[in-house]
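Reader: I'd like to learn how to read a protein model. Could you walk me through one?
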Amino acid sequence: MSSTPPENGAAPGPDPANAPSLRVLAQYLKDHSFENPNAPNSFVETKEPPTIDVGVDVSGRSLGGDQYEVELAVTARATRGADVTFVVESTYAGVFEIRNVPADQLEPVMLVECPRLMFPFIRQIIAETTITGNFPPVLLDPIDFFAIYQQRKAQAAGGDAAAETA
């Protein structure tokens, strides 16, 4: 480990060139759709508010070197009874440069920190899409990406254990 000489007589610190870093190189809308399958009937005033179910998925892949693509996919599905009011499906992606991160920390950075940076953008896209579809905006609540990551790890460990006992 190299260190930089102190300027004020303090003990040498870590070399900033080797410090962990995360940079956003690009962000973009990768896939997007809006469906209103029961229009114009979906606009008829009813006393029953729609039920909105939201699904979130996060994935990442290496692009080579220190670059990684991370995708944040969100689906918002509104229903009234058995009728689908609308469905919004959106995948927002980013290319990130991740340097000097230990191998055991790379996956959490990709699947927790990167989506956390992208979330405000996909939240705005979902809200604007539902407004454009003539519905009130769907304002996504903050998402705990670490909890999603932990849940996936637990499911994968459970799946591995089940495969070993079979």
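Author: Sure, let's begin with a term we'll need a lot: a residue is buried under 20% relative accessible area, exposed over 50%, and partly exposed in between. Keep in mind that this is a predicted model. Take Leu-117 as a warm-up: its relative accessible area is 39%, so it counts as partly exposed. Leu-117 sits in helix α1, which covers residues 103–132.

Reader: Which residues make a nonpolar surface patch with Leu-117?
Author: Leu-22 and Val-24 do, and the patch made by the three comes to about 220 Å².

Reader: Let's step back. How many helices and strands does the chain have?
Author: Two helices and six strands. Reading from the N terminus, the order is β-β-β-β-β-β-α-α.

Reader: And what share of the chain counts as buried?
Author: Of its 166 residues, 28%. As for the surface, the accessible area of the chain is about 10300 Å², and carbon and sulfur atoms own 53% of that.

Reader: What should I look for when I want the nonpolar core?
Author: Look for buried nonpolar residues whose side chains are joined through atoms within 4.5 Å. Here the largest such core has 27 residues, and Val-70, Leu-72, Ile-98, Ile-122 and Ile-126 touch the most other members. Elements giving two or more residues to this core are β5 (67–80), β6, α1 and α2 (145–165).

Reader: Which element gives the most to this core?
Author: That's α1, with ten residues. If you want one core residue to follow, try Ile-98: leaving out residues up to four places away in sequence, Ile-98 touches several others, including Tyr-68, Leu-106, Val-109 and Met-110.

Reader: Now charges. How do I spot a salt bridge?
Author: Check for a side-chain nitrogen of Lys or Arg within 4 Å of a carboxyl oxygen of Asp or Glu. By that rule, the count here is nine. One of them joins the side chains of Arg-23 and Glu-97, at 3.3 Å from N to O. This pair links distant parts of the chain, with Arg-23 in strand β3, Glu-97 in strand β6, and their positions 74 residues apart.

Reader: Are Arg-23 and Glu-97 buried or exposed?
Author: Glu-97 has 10% relative accessibility, so it counts as buried. Arg-23, at 45%, counts as partly exposed.

Reader: What else does the side chain of Glu-97 make a polar contact with?
Author: With the side chain of Arg-99, at 3.2 Å. Zoom out a bit and you'll find Arg-23, Asp-66, Glu-97 and Arg-99 linked in a network of salt bridges. Skipping its neighbours within four places in sequence, Glu-97 is in contact with Ser-21, Leu-22, Arg-23, Leu-25 and Asp-66.

Reader: Where are Lys-30 and Glu-71, which meet in another salt bridge?
Author: Lys-30 lies in strand β3 and Glu-71 in strand β5, so their salt bridge ties together parts that are 41 residues apart in sequence. The distance from N to O is 2.7 Å. Lys-30 is partly exposed at 40% relative accessibility, and Glu-71 is partly exposed too, at 22%.

Reader: What about the helices?
Author: There, the side chains of Lys-153 and Glu-107 meet in a salt bridge of 3.2 Å, N to O. Lys-153 belongs to helix α2 and Glu-107 to helix α1, and the two are 46 residues apart.

Reader: How do I see that residues far apart in sequence come together?
Author: Compare the separation along the chain with the distance in space. Ser-21 and Val-101 are 80 residues apart in sequence, yet their C-alpha atoms are 7.4 Å apart. Another case is Leu-25 and Gln-67: 42 residues along the chain, 8.7 Å between C-alpha atoms. For the whole chain, among contacts with a separation of 6 or more, 67% come from residues 24 or more positions apart.

Reader: One last spot: where is Ser-42 found?
Author: In the loop between β3 and β4 (51–64). Even in that loop, Ser-42 has a relative accessible area of 8%, so it is buried. Its side chain shares a polar contact of 2.8 Å with the side chain of Asn-36. Not counting neighbours within four places, Ser-42 is in contact with Asn-36, Arg-80, Thr-85 and Phe-135.

Conventions: Residues are numbered from 1 along each chain as its sequence is written. This is a predicted model: local features need pLDDT of at least 70, side-chain atom pairs count only at pLDDT 80 or more; totals for chains, interfaces and linings use all residues. Side-chain values use heavy atoms; hydrogens and water are left out. Patches are made of residues with over 30% relative accessible area and no salt bridge: like charges are joined within 9 Å, nonpolar side chains (Val, Leu, Ile, Met, Phe, Trp, Tyr) within 5 Å. Accessible areas come from the Shrake-Rupley method with a 1.4 Å probe; for residues, only the protein chains shown count as cover. Helices (H or I, at least four residues) and strands (E, at least two) are DSSP runs, numbered from the N terminus. Buried means under 20% relative accessible area, exposed over 50%, partly exposed in between (1.4 Å probe, protein chains only). A polar contact is a pair of N or O atoms within 3.5 Å; within protein, one must be able to donate a hydrogen and the other to accept it, and residues adjacent in sequence count only if both atoms are side-chain atoms. Contact means heavy atoms within 4.5 Å.
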